[in-house]
Amino acid sequence: MSSTFATPIDQIGVKERVSRLFSRSIKKESKVQALHLALSMIDLTTLEGKDSPGKVTQLCYKASHLHDSFPGLPNVAAICVYPTMVPVAKKALKGTGINLASVATAFPSGMADLQAKLDEVTSVVDAGADEVDMVISRGKFLRGEYQYVSDEIAKVKEACGNAHLKVILETGELATLDNVRLASDIAMEAGADFIKTSTGKVSPAATPPVVLTMLEAIRDFQAKTGKKIGMKPAGGISTAKQAIQYLVMIKETLGDDWLSPNLFRFGASSLANDILMQILKQSTGNYQSKDYFSID
Amino acid sequence: MSKTIKWEYSPAPEGTGHIELKKQYELFIDGKFVPPKSGKYFKTINPSNEKTISKVAEADQSDVNHAVASAKKAYDKTWSKMLPKERGKYIFRIARLLQERAREFSVIETMDGGKPIRESRDVDIPLASAHFFYHAGWADKLEYAFPGRQAKPVGVAGQIIPWNFPLLMASWKLAPALATGNTVVLKPAETTPLTAMKLAEIIQEADLPPGVVNIVTGAGETGKSLVNHPDVNKIAFTGSTEVGKYIMKAVAGSGKKYTLELGGKAANIIFEDAAIDQAVEGIIDAIFFNQGHVCCAGSRLYVQEGVADEVISKLRKRMETLIVGDPLDKNTDIGAINSKMQLKKIKSYVKLGSEEGGSIYQSSCPLPKKGFWHAPTIFTDVSQSNRIVQEEIFGPVLAIQTFRTVDEVIAKANNSPYGLSGGVWTDKGSKIFKVTRDIRAGVIWANTFNKFDPASPFGGYKESGVGSEGGIEGLSGYVNLV
């Protein structure tokens, strides 16, 4: 668990690879298929201090009624909320088959002691969260205390029980792609089911070079251990075009196995509507006004 | 939750409705399109489907005489007397027109040569116009390129270009020659003459004085007439080492200046401290760019022993994601082999590699039935003694060896009659300095490959050539300093 054996990442090479992947031209049937898939991978998210039970309930309804006037659309993968909203969301999602994810571990900063974090994880899992999105201790990581970071993830994983654990690296604070790679490796070895880029509270959030670096870490981890770890870019992904570009990146880095909500998610709040708009455009040939899509 | 899906990219072909191609192309001499005196034409085909695209004039000795005479007249009467800043304006005009018509040129380049539209659109055509822009800027600043000296033009330049980067090589040749005050007779390759003929239209549109640029199409004999013409003062050639040797003999004692940009067998070296995923991408770029029809291709791969298994396994997986097929499809990574003849040559080397005991691995991609195609191919278990390690294949075929020490890999890299290019991949700066200093090659890329810029000179050691193109070094091949 030291940086001596870390995998070096060449930033310029990563950027070049990203621009080559993003130059793929996705048209016609492949575009329609991608839009439906992207929709089914969304973790519809609201993480604001002013969130109310009403807003969360509305969001949960939208999760399974994305655009009822256009049949055949999938549901989103999950709803992602703050711990205090878990009971409200649990009730609202009942019977939909949609997962409930809660952020935990003193989200978004992670600046709390370990016991407080573990207690929070236990409480959201007890309240019915299917997935826990934790943050790593970036301060410890940047100080080189990799063992602490690793142990903390392992303990949170234990506290999760059967709930899936997503580990947020908050890559915007890790500064280099070398660090992103190292943090990804640490998180996967310590038991993460998913690794996730960002909280959405720090800029930059998910950037294409960061996502590619994490996907390559996942691929190498599978080659080494046989385990398939999921990936969730979050923050800053608001257009259908971006979502499709990321699907290209997954397909050509990890293969078709990862083209599933079981192994890939988008953490986003406004992405769903842009995708809906594109799906309707593919079907009717015309763009509709934003007012035709609900803002919940 | 939903099951995994199979997601395939739908075809995304670049349109061809916007291009203009004539059924027949004449020679471009003295500012006009003129039929060849012999009345002979040859077909140029699309190598991806073997369909004839157009017919092109075949220039014989008398046509070459006509072209050289026009170039000489234009040199004596107009171009060498023109104010340098005026010369520059014409070159800027060509650059701009080319930029404006980039899309049309990209499509034609891809149809005539088989390279993927992604490359002609993103590399060939933008770089070609960049070369004209760069050299246009030098036209009235030559005293700064050669401080304290006067740079005099040479006269008539005979320029012979290859089929792998047709328009780009035309621009590498034309732009510096024109900027320094020379006039030109250019001969494009017989399999890829069309973008040069389209460039002739642009040159006409730019109102370049008649005879400053003449373009004569044809095969080896046409080139031979040009090389041996007594009124040609400079030969600039890009192509095979075999022809390069012929040219050197032919011009010996004639007083002609010459630059030759010939073959290569570049060593691409991966150290175990390299960023492996990016290095794998570099290997792909180095050998599969333009189907490996690249003189500076990284066709000999040396991987340090400790990471060899990982690199080769990742390389194989990456090869599986390469899309081989219709060159006009925007998602195509690997297009068609340029000609039947070249495909035959590549296949004979692949056969040889297997016979010599190499272990072969090829992408499992399906290949189109019509046209000339070759799957991306790598060989392991080969040594310096194998011919596929020694000789230039000029196709998508990579020979891989492993090494243990820095000194060993430098010795192996230099153990080649060629010395055009090379690549080194490591996270350690000091290693980059050592390796790039000790390998005898004209250009060595560190943690990247196949990067080009008009300001950067390009040329080789040993059998890879004489002289450089690009930058100030490239200008010096077209001037006599007094």
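This tour goes from the whole model to the contact between chains A and B, and then to one strand of chain B.

The model is predicted, so that local features need pLDDT of at least 70 and side-chain atom pairs count only at pLDDT 80 or more, while totals for chains, interfaces and linings use all residues. Residues are numbered from 1 along each chain as its sequence is written, and chains are lettered from A and ligands numbered from 1 in the order in which they are written.

Colour chain B by pLDDT, the predictor's confidence in each residue, from 0 to 100: the mean is 97, and 99% of its residues reach 70 or more. The model scores ipTM 0.94 and pTM 0.95.

Next, select the interface, where 27 residues of chain A are in contact with 22 residues of chain B (C-beta atoms, placed from the backbone, within 7 Å). On the side of chain A that touches chain B, the largest share, seven residues, comes from α2(A).

Now move to strand β13 of chain B, residues 300-304, where five of five residues are buried (20 or more other C-beta atoms within 10 Å of the residue's own, C-beta atoms being placed from the backbone). B:R300, B:Y302 and B:Q304 point one way, and B:L301 and B:V303 the other.

Add strand β12(B), residues 267-270, which pairs with β13(B) in the parallel sense over four bridges (pairing requires at least two DSSP bridges); here B:N268 stands opposite B:L301. Finally, show β16(B), residues 397-403, which runs parallel to β13(B) and is joined to it by five bridges, with B:I400 as the bridge partner of B:L301.

Definitions and conventions
Two residues are in contact if their C-beta atoms, placed from the backbone, lie within 7 Å. Helices (H or I, at least four residues) and strands (E, at least two) are DSSP runs, numbered from the N terminus. A residue is buried if 20 or more other C-beta atoms lie within 10 Å of its own, exposed if 12 or fewer, and partly exposed in between; C-beta atoms are placed from the backbone.
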